[in-house]
Amino acid sequence: MAKVELKGMGKVYEGNVRAVTNANITINDKEFVVFVGPSGCGKTTTLRMIAGLEDITEGELYIDGKLVNDVPPKDRDIAMVFQNYALYPHMTVYENMAFGLKIRKLPKDEIDARVKEAARILDIEKLLDRKPKQLSGGQRQRVAVGRAIVRKPKVFLFDEPLSNLDAKLRVQMRAELIELHDRLQATMIYVTHDQVEAMTMGDKIVVMKDGLVQQIGSPLYLYNNPINKFVAGFIGSPPMNFMTVNVVEEGGQIFIDEGSFRLAPDEKQAGLLKPYVGKSVYFGIRPEDLPVADAAHRGQKFDAKVTVVEPLGAEIHLQATTPTQVMVARIPPHHLYKHGDTITFAPVMAKAIYFDKETEKSILPVKWNEQEE
């Protein structure tokens with residue numbers, strides 16, 4: 001397998017349309033890295049540059065230590081799985097999986113062994129004589145993955161491969177791809193706009209927006225240490241709540257004042273907020289860090305009015321409002337609330353994150369790349 005390095009890579013289309021800017025990313029050998037971001041953020045363009053399907057306008061791309069900017073796709077030793085499966089409709093599953101190996105003129109015995117081994121790994125041995133139109137979406141996806149496996153490439157590339165599947169099958173296929181990575185110990189690069197896929201599948205996540213890499217790190221690192229408001233809001237479901245608050249100081253103590261409530265940050269955060277006294281910041285807090293205060297609670301709390309109740313079985317998502325803010329809380333299912341109820345939240349202040357109002361960067365010291373020294 002191989003290490004993939006993007007050094008200052010960029011893509012500019014005709015008319016000076018910039019799709020990717022200064023991408024510096026290292027995918028280590030055997031790593032499962034997920035590129036995630038909203039539509040149009042440049043993640044698929046970056047993947048296609050790695051594959052050789054798009055020319056690299058700026059920077060350098062190395063695969064296994066070799067500069068490959070001008071190396072054609074067929075010679076990069078990569079295999080790509082597309083969103084639409086890209087199977088030949090007139091060929092059987094066996095023929096689809098074997099086609100690339102036949103083009104490379106491998107011996108028939110080796111082709112047969114590779115196809116049957118991949119079919120066994122993916123549990124599609126009984127489908128080898130069928131054609132794509134006789135397969136379900138999940139089965140077609142397995143065939144597309146199998147076609148990549150038989151090539152034994154240095155790097156696997158996946159371009160939103162599960163987006164055409166229904167919700168239940170997507171969950172199943174996510175688990176199967178994770179298991180496949182563990183079995184093959186392969187270098188895999190996976191593109192998705194679904195942050196749940198990114199969180200559950202990736203060893204490392206690359207968050208992109210507007211053609212720029214925002215932050216790189218393990219799922220939990222990004223969840224707990226977002227570098228800016230965009231990453232904080234994109235990673236996590238439901239997303240982080242953001243409330244505009246004023247930073248005030250009274251009697252030597254720092255408070256955040258929302259207008260209808262006032263809270264005291266913990267000691268470390270208060271020190272970082274001190275330069276913002278007299279200014280507004282974003283107060284970010286995850287839905288699970290907004291528990292409902294019980295009658296005995298003596299700590300910090302505030303009231304909000306319930307506007308939407310979403311019972312999900314194992315938990316309830318509550319949307320609630322203050323006079324100026326809207327927030328979502330994840331609470332246990334034994335709480336029974338209805339529209340219009342007033343609820344008292346006891347925010348876990350140690351878990352709060354604050355963002356500069358102008359730059360939207362976290363005021364906490366956070367690494368752009370978790371692996372930086």
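**Exercise 1. The two domains**

What distance separates the centres of domain 1 and domain 2, taken over C-alpha atoms? Establish the domain bounds as well, and then characterise the interface.

*Solution.* The model is predicted.

Step 1. The domain assignment divides the protein chain into domain 1, residues 4-228, and domain 2, residues 238-356.

Step 2. Taken over C-alpha atoms, the centres of domain 1 and domain 2 lie 40 Å apart.

Step 3. With contact taken as heavy atoms within 4.5 Å, five residues of domain 1 touch four residues of domain 2.

Step 4. The area buried between domain 1 and domain 2 is about 380 Å², and 54% of it falls on carbon and sulfur atoms. On the side of domain 1, Tyr223, Pro226 and Asn228 lose the most area to domain 2; together they account for 91% of what that side buries.

Step 5. The residues of domain 1 that touch domain 2 comprise three nonpolar and two polar residues, with no charged ones. Between the two domains the count of salt bridges is zero, while two residue pairs are in polar contact across the interface, both at pLDDT 80 or more.

**Exercise 2. The open sheet**

Determine the strand order of the open sheet of five strands and identify its edge strands.

*Solution.* Step 1. The order is S13-S12-S11-S14-S19, and the pairing is antiparallel.

Step 2. An edge strand pairs on one side only, a condition met by S13 (262-263) and S19 (353-356).

Step 3. Within this order, S11 (residues 241-250) and S14 (residues 280-285) are joined in the antiparallel sense by six bridges. To fix the register, take Asn241: the bridge partner of this residue in S14 is Ile285.

**Exercise 3. Two hairpins that share a strand**

Trace the pairing from S15 through S16 to S17, giving a residue pair for each step.

*Solution.* Step 1. S15 (residues 302-311) and S16 (residues 316-321) run antiparallel and are joined by six bridges. Pro311 stands opposite Ile316 of S16.

Step 2. The two strands S15 and S16 make a hairpin with four residues between them, and in its turn Gly313 has a positive phi of about 90 degrees.

Step 3. S16 is also joined to S17 (residues 326-331) by six bridges, again in an antiparallel arrangement. Here Leu318 has Ala329 of S17 as bridge partner.

Step 4. S16 and S17 likewise form a hairpin, with four residues between the strands. S16 thus takes part in a hairpin with S15 and in another with S17.

**Exercise 4. Backbone geometry in two loops**

Which peptide bond is cis, and where does its proline lie? Which residue other than glycine has a positive phi near 70 degrees?

*Solution.* Step 1. The bond from Ser237 to Pro238 is cis, its omega being near -5 degrees.

Step 2. Pro238 belongs to the loop between helix H8 (229-234) and S11. In the domain assignment, domain 2 begins at residue 238.

Step 3. Lys30 has the positive phi near 70 degrees. Lys30 sits in the loop that lies between strand S2 (17-27) and strand S3 (32-36).

Note on methods: Residues are numbered from 1 along each chain as its sequence is written. This is a predicted model: local features need pLDDT of at least 70, side-chain atom pairs count only at pLDDT 80 or more; totals for chains, interfaces and linings use all residues. Side-chain values use heavy atoms; hydrogens and water are left out. Two strands pair if DSSP finds at least two bridges between them. Domain bounds come from an automatic or database domain assignment. Buried area is the accessible area (1.4 Å probe) that two parts lose on being put together, summed over both. A salt bridge is a side-chain nitrogen of Lys or Arg within 4 Å of a carboxyl oxygen of Asp or Glu. A polar contact is a pair of N or O atoms within 3.5 Å; within protein, one must be able to donate a hydrogen and the other to accept it, and residues adjacent in sequence count only if both atoms are side-chain atoms. Ala, Val, Leu, Ile, Met, Phe, Trp, Tyr, Cys and Pro count as nonpolar, Asp, Glu, Lys and Arg as charged, and the others, Gly among them, as polar.
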